[in-house]
Amino acid sequence: MTVPAARTRERTLSVTTLAAGEFHAPSLDDFFPEAVLFEGTFFELDRLMLVRILMTALLLGFMLLAFRSPRIVPRGLQNVAEYGLLFVKEQICDEVLGKESGRKFFPLIATIFFTVLFLNFSGVIPGLNISSNARIGMPLVLAVLAYLTFNYVGIKKYGFLKYMRSSIVVPNVPPALHVLLIPIEFISTFVLRPFTLTVRLMANMLAGHIMLVLFFSATQFFLFDAAAWMKIFSPFSLLAGLGFTLFELLVVFLQAYVFALLTAVYIGLAQHADSH
């Protein structure tokens with residue numbers, strides 16, 4: 001079977017982007033590698049999908065192992081898992097929603113937090129070298145989940161019409177301003193919230209990964225393929241890559257925290273839509 005020219009240009013993005021002594025700069029095409037399994041079917045899997053499945057399996061395995069025989073005094077994996085769950089409960093759910101509502105939405109917010117965290121973490125694991133959140137699919141799914149949840153909460157509490165009115169009509173302003181404010185509030189609440197949730201996560205992981213690729217592929221280029229006098233630059237690009245890897249670890253956690261936090265904030269706003 002003849003492979004289309006557009007497909008032959010696609011490469012899996014990793015810390016090595018050199019082939020046959022030629023430097024290849026990373027591009028967005030690298031986030032759409034060729035199919036690995038079930039090509040041409042609805043269940044087609046490429047490398048990013050396999051990374052996503054692997055990290056999901058690791059998350060499930062981690063939780064199952066941590067709580068397979070829970071102890072009153074936790075230790076080992078149970079201690080790590082409980083610390084993470086406690087962080088989500090106290091610093092996100094209880095802090096934003098209060099203890100009663102926080103307890104109700106804790107399973108959802110904890111699921112979002114750990115899903116984003118584990119899928120992000122694959123971006124700094126050697127051999128995987130990419131976060132599947134750098135492609136829009138999974139961030140969009142999580143954003144839609146948050147969107148449906150906070151709208152369901154508001155509609156259930158107030159009814160559809162009152163919820164919509166409370167969400168987009170700013171009280172105590174001159175009537176003429178409603179012509180301007182109602183479209184702004186509608187777009188802000190029902191369009192920009194899911195859009196920014198999606199793009200913030202995707203763009204941060206995409207940009208961070210491209211930076212890591214550039215630093216480490218530059219190191220390989222300077223060390224093995226560049227002219228002799230350019231080899232002195234390899235330690236600097238390597239140190240920059242290692243330093244940015246540490247920064248990326250911080251981003252991995254922050255993006256999970258921000259996504260879960262904003263989900264809780266939006267749920268809280270929907271619960272109190274009448275106090276706009």
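The chain holds seven helices and four strands. The model is a predicted one. Read from the N terminus, the order of elements is α-β-β-β-β-α-α-α-α-α-α. Of the 276 residues in the chain, 42% are buried. Among contacts with a separation of 6 or more, 65% join residues 24 or more positions apart. The exposed area of the chain is about 15,400 Å². Carbon and sulfur atoms supply 72% of that area.

Part of the surface forms a nonpolar patch of about 760 Å². Its members are Val-36, Leu-37, Phe-38, Phe-42, Phe-43, Leu-50 and Ile-53. Strand S3 (35-37) and helix H2 (47-66) each give two or more residues to this patch. Leu-50 belongs to helix H2. The relative accessible area of Leu-50 is 30%. Leu-50 therefore counts as partly exposed, because that class lies between the buried limit of 20% and the exposed limit of 50%.

Ser-131 presents another case. This residue sits in the loop between helix H3 (77-121) and helix H4 (137-158). Its relative accessible area is 2%. Ser-131 is therefore buried, because the term applies to values under 20%. The side chain of Ser-131 makes polar contacts with backbone atoms. It reaches the backbone oxygen of Leu-119 at 3.0 Å. A polar atom of the Ser-131 side chain also lies 3.1 Å from the backbone nitrogen of Asn-133. Beyond its neighbours within four places in sequence, Ser-131 is in contact with Leu-119, Asn-120, Ser-122, Gly-123 and Met-205. Leu-119 thus appears both in this list and as the partner at 3.0 Å.

Methods
Residues numbered from 1 in each chain as written. Predicted model: local features only at pLDDT ≥ 70, side-chain atom pairs only at ≥ 80, totals over all residues. Heavy atoms only, no water. Patch = residues over 30% accessible without salt bridge, like charges linked within 9 Å, V, L, I, M, F, W, Y side chains within 5 Å. Areas by Shrake-Rupley, 256 points an atom, 1.4 Å probe, with all protein chains shown as cover. Salt bridge = Lys/Arg side-chain N within 4 Å of Asp/Glu carboxyl O. Buried < 20%, exposed > 50% of the residue type's maximum accessible area, 1.4 Å probe, protein only. Polar contact = N/O pair within 3.5 Å; in protein donor to acceptor, adjacent residues only side chain to side chain. Contact = heavy atoms within 4.5 Å.
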